[in-house]
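Open the model in your viewer and keep the sequence panel in sight. We will go from stop to stop, selecting a few residues each time.

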Amino acid sequence: MTLNTRGLRAALLAGTLALAAAMPARAADDAEVKDFLLDNGMEVVVIPDRRAPIVTHMVWYKIGSADEPPGKSGIAHFFEHLMFKATANHAAGEFDRAVSEIGGSNNAFTSYDYTAFHETVAPPALEQMMGFEADRMRNLILTDDVIKTERDVILEERRSRIDGSPQAVLDEEVDATLWQNQPYRIPVIGWMQEMEQLNRTDAKAFYDSYYRPNNAVLVVAGDVDPDAVKAMAERTYGKVARGPDLRPRIRPVEPEQNTKRTVTLTDARVSVPSFSAQWVVPSYHTAKPGEAEALDLLAEILGGDNRSRLYQQLVVKQGIASEAGAFFQGTMLDATNFTVYGAPRGDAKLSDVEAAVDAEIARIVKDGVTDDELERAKTRYVRSMIFARDKQDDMANMYGSTLATGGNVSDVEEWPDRIRKVTAGEVKAAAVRYLVLDRSTTGYLLPQQQAGN
């Protein structure tokens, strides 16, 4: 079980971008992606890929940490853990043992906008996985003892993964500063003092409100026939009663940001200083047509890989940085963030790295990007399909995250064509509008100075 927080966002970014460009191919045999609704409102997406006898089965619930009631931070991630407990039909651990006995794998993760559960198994076991997931959608047994035991688990997870990591602590503080109004300012795992108070009543209310078929998306990718998947889904998920209609996911709107803010953490465990600067920008769900695509390409050109401007200038030519890059997290329900980052190398100072990053941003704001580098960036996206097509779990993730954040199957499949239409002028316009240095939130992670220095 994992949290999809900032560290994971950065780690998953390359795979997500590569996958998005892969969508025109859909699968190796060009089988068509199928999308349909069950009578109880559960959406189902089937992505055939018959090159290997395996299948990835994912259930995405349209509920994440940003949907939590005030004062109940961490309940979404807490409930992800509780979903692995006993149900009225299966003992605790029985699901995990069934997956293990057939050589499969299973896990789950929580993000700001969704919670997902997934299994990778041989195709003959698919309906069994559906049965287990459909069962725990409504039949969990939530006792006070179960709540207390699992609450202790998530509290220890917070201590080890967040409180024990200077970078994670800084990331939380930067998020709380970047977002002035939206719930993305609250960590996915929750604030410790609120996590400690989560109880059975909170868990039951959360379960009854959100874990319903009409608030879920099923994604099946692999060696399957869409008609067979539909029949299996109707026999399993189709038996789960539809829940009440959910209210629209309307969240507080972020106000205009017009100040530069900084967050600094000094820690004895840090050996190399680093910084990141962030801006609030629109996501694919909130942007005007073409704007999110331009931000995606801006991030790629500025700092997407070792051919980017930041890497070539700071790491290769000037030799002052051990790392430098940029990324745009486009798949969010509400506004999102655009980030640049860097760390010094050798005798270089962090201030030198930051100034050089700012200079590269200023160059794009002033002069834009060339048609040649824009075309190379687009080509890198399209070529990445060769690699993404080999990962059915990546395809399932792309469809699931898109549908769980307000998109649809067409949005995924038409994405490469929209990328190809972006002009150099649109990339420059995105930089001019959003990468305003005086409106950034910058985090500094610094070593503790030795006494006498």
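Begin at Gly-319, just after helix H11, where phi is positive at about 65°. Helices (H or I, at least four residues) and strands (E, at least two) are DSSP runs, numbered from the N terminus. A word on what you are looking at: this is a predicted model, in which local features need pLDDT of at least 70 and side-chain atom pairs count only at pLDDT 80 or more, while totals for chains, interfaces and linings use all residues. Residues are numbered from 1 along each chain as its sequence is written, and side-chain values use heavy atoms, with hydrogens and water left out.

Now step back into H11 itself, residues 309-317, and colour its buried residues: Arg-309, Leu-310, Leu-314 and Val-315. Buried means under 20% relative accessible area, exposed over 50%, and partly exposed in between (1.4 Å probe, protein chains only).

**The sheet**

Next, show the five strands of an open sheet, ordered E8-E12-E9-E11-E10 with mixed pairing. Two strands pair if DSSP finds at least two bridges between them. Strand E8 (261-267) and strand E10 (321-328) are at the edges with a single partner strand each, so one side of each has no neighbour in the sheet. From one strand to the next, the twist averages 15°.

Zoom in on E9 (residues 274-281) and E11 (residues 336-344), which pair in the antiparallel sense over seven bridges. Select Phe-275 and you will find Gly-342 of E11 opposite. Then add helix H6 (residues 166-178), which lies across E8, E9, E11 and strand E12 (441-447) and runs at about 165° to E8. That angle, on a scale from 0 to 180 degrees, is between N-to-C directions of axes, which are lines fitted to C-alpha atoms, for helices over the stretch in contact.

**The nonpolar cores**

Which members of the largest nonpolar core touch the most other members? Select Tyr-61, Phe-79, Met-130, Tyr-211, Leu-218 and Tyr-237, out of 54 residues. Helix H4 (residues 126-138) gives this core its largest share, six residues. A nonpolar core is a set of buried Ala, Val, Leu, Ile, Met, Phe, Trp, Tyr and Cys residues joined through side-chain atoms within 4.5 Å.

Centre on Phe-79: beyond its neighbours within four places in sequence, it is in contact (heavy atoms within 4.5 Å) with Leu-140, Leu-142, Ala-203, Phe-206, Tyr-207 and Tyr-211. A second, separate core has 42 residues, including Val-281, Ala-326, Phe-328 and Ala-430.

**Aromatic rings**

How many aromatic pairs does the structure hold? There are 18. Rings of Phe, Tyr and Trp (its six-membered ring) pair if their centres lie within 6.5 Å; planes under 30 degrees apart count as stacked, over 60 as edge-to-face and the rest as tilted.

Select Phe-84 and Phe-117: their ring centres are 6.2 Å apart and their planes at 45°, so this pair is tilted. Phe-84 is in the loop between helix H2 (75-82) and helix H3 (94-101) and Phe-117 is in strand E6 (residues 115-121), so the pair ties together parts 33 residues apart in sequence. Phe-117 is buried at 0% relative accessibility.

Both rings belong to one aromatic cluster with Tyr-61, Phe-79, Phe-206, Tyr-207, Tyr-210 and Tyr-211. While Tyr-207 is on screen, add Arg-138, whose charged end sits over that ring, 4.5 Å from its centre. A charge sits over a ring if NZ of Lys or CZ of Arg is within 6 Å of the ring centre and within 35 degrees of the ring normal. For a last stop, select Lys-230, which lies over the face of Phe-36 at 5.3 Å from the ring centre.
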